[in-house]
Amino acid sequence: MSEQRFGEFVAVRREGDGHVAELAMDRPKAMNAVSTEMARSIGAACAALAADPSVRVVVLSSTAERAFCVGADLKERNSLSDAELVRQRPTTRGAYGGVLELPVPTVAAVHGFALGGGFELALACDVIVADETAVVGLPEVSVGVIPGGGGTQLLPRRVGAARAAELIFTARRVEAAEALSLGLVDSLVPAGRDRAEALALASRMAANSPVGLRAAKRALRLGHGMDLAAGLEIEDAAWRTVAFSGDRAEGVAAFNEKRKPNWPGE
């Protein structure tokens, strides 16, 4: 396994052919509370992954035993002046936006607490795999703020406006089984299996065309919320980026020759 560090609290790991990259939050003593330094590192790691054409899927994981991520570092926030908080905001947005804007499929591996900004990082991913210990929620209004890492926009896209309003306005925590039933997470696995199952899912995704994966994600993200006619135009534009690609030619050839494709990635 290779590992590249981004500051003290973030590592990017790869095994095998390196097509699956694991972005591991590694601040276990603070249960991955997102400090300014950690936010900066998440943003930098995402920028590096986005620029790497060999990456086909990213898994967002945690090295902390009890938590995926508990959200903003409130101890640090308590020490910031208003002016410092304003200056910090672009760095914080860079972390959440970095995950959201990754051009390849993303899978969150969630266990333990995924609260506030921690759950927003998971919501920024395309698929959320959670284990039975997971507890998720957006409790920001209970401390006088609102979800500021995309939660007010991403949660209703998952569960609908009314359900999102109830969860945000009550600030309640949701345990794993209910989270699955509400659609807050996409699959539930035994305790301790979230990372392994997320990596396995990512490997299945990464076996497919890298050109196709990026185009499909672009169409899904840009088309969401559009009326049908506009969405179909977005889909058509994405189709045109793959229809004449080397991956399309290789995929068709491999199918007819009954072999695994050797994707050129272009």
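**Exercise 1.** Determine how much space lies in the second largest pocket of this predicted model, and which residues and elements line that pocket.

*Solution.* The second largest pocket holds about 720 Å³ of space. Its lining comprises 27 residues, of which Ala72, Leu74, Arg77, Glu140 and Val145 are the closest to the centre. Turning to the elements, at least two lining residues each come from helix H2 (74-79), H3, strand E7 (113-115) and helix H4 (117-123), and H3 gives the most, with five residues. Sorted by class, the lining has 14 nonpolar, eight polar and five charged residues.

**Exercise 2.** Describe the largest pocket in the same order, and state which helix gives the most to its lining.

*Solution.* In the largest pocket there is about 900 Å³ of space. Leu100, Leu123, Leu154, Arg157 and Arg221 are the closest to its centre among the 29 residues that line it. Helix H3 (82-100), helix H5 (151-159) and H9 are the elements that give two or more residues to this lining, with H9 giving the most, seven residues. The classes here are 13 nonpolar, six polar and 10 charged residues.

**Exercise 3.** Work out how helix H9 (residues 210-223) is oriented against helix H10 (residues 228-243), and which residues form their contact.

*Solution.* The two helices pack at an angle of about 170°, and their axes are 9 Å apart. An angle over 145 degrees counts as roughly antiparallel, and H9 and H10 are therefore roughly antiparallel to each other. On the H9 side, Val211, Gly212, Ala215, Arg218, Ala219, Leu222 and Gly223 take part, meeting Ile234, Glu235, Ala238, Thr241 and Val242 of H10. The residues of this contact divide into seven nonpolar, three polar and two charged.

Methods
Residues are numbered from 1 along each chain as its sequence is written. This is a predicted model: local features need pLDDT of at least 70, side-chain atom pairs count only at pLDDT 80 or more; totals for chains, interfaces and linings use all residues. Side-chain values use heavy atoms; hydrogens and water are left out. Axes are lines fitted to C-alpha atoms, for helices over the stretch in contact, and angles run from 0 to 180 degrees between N-to-C directions. Helices (H or I, at least four residues) and strands (E, at least two) are DSSP runs, numbered from the N terminus. Angles under 35 degrees count as roughly parallel, over 145 as roughly antiparallel, 65 to 115 as roughly perpendicular and the rest as oblique. Contact means heavy atoms within 4.5 Å. Ala, Val, Leu, Ile, Met, Phe, Trp, Tyr, Cys and Pro count as nonpolar, Asp, Glu, Lys and Arg as charged, and the others, Gly among them, as polar. On a 1 Å grid over the protein atoms alone, a cavity is a set of points where a 1.4 Å probe fits but cannot get out, and a pocket is an open set with protein on both sides within 12 Å along at least five of seven lines; lining residues have an atom within 4 Å of a point. Grid points are joined across faces, edges and corners, and a volume is the space filled by probe spheres set on the points.
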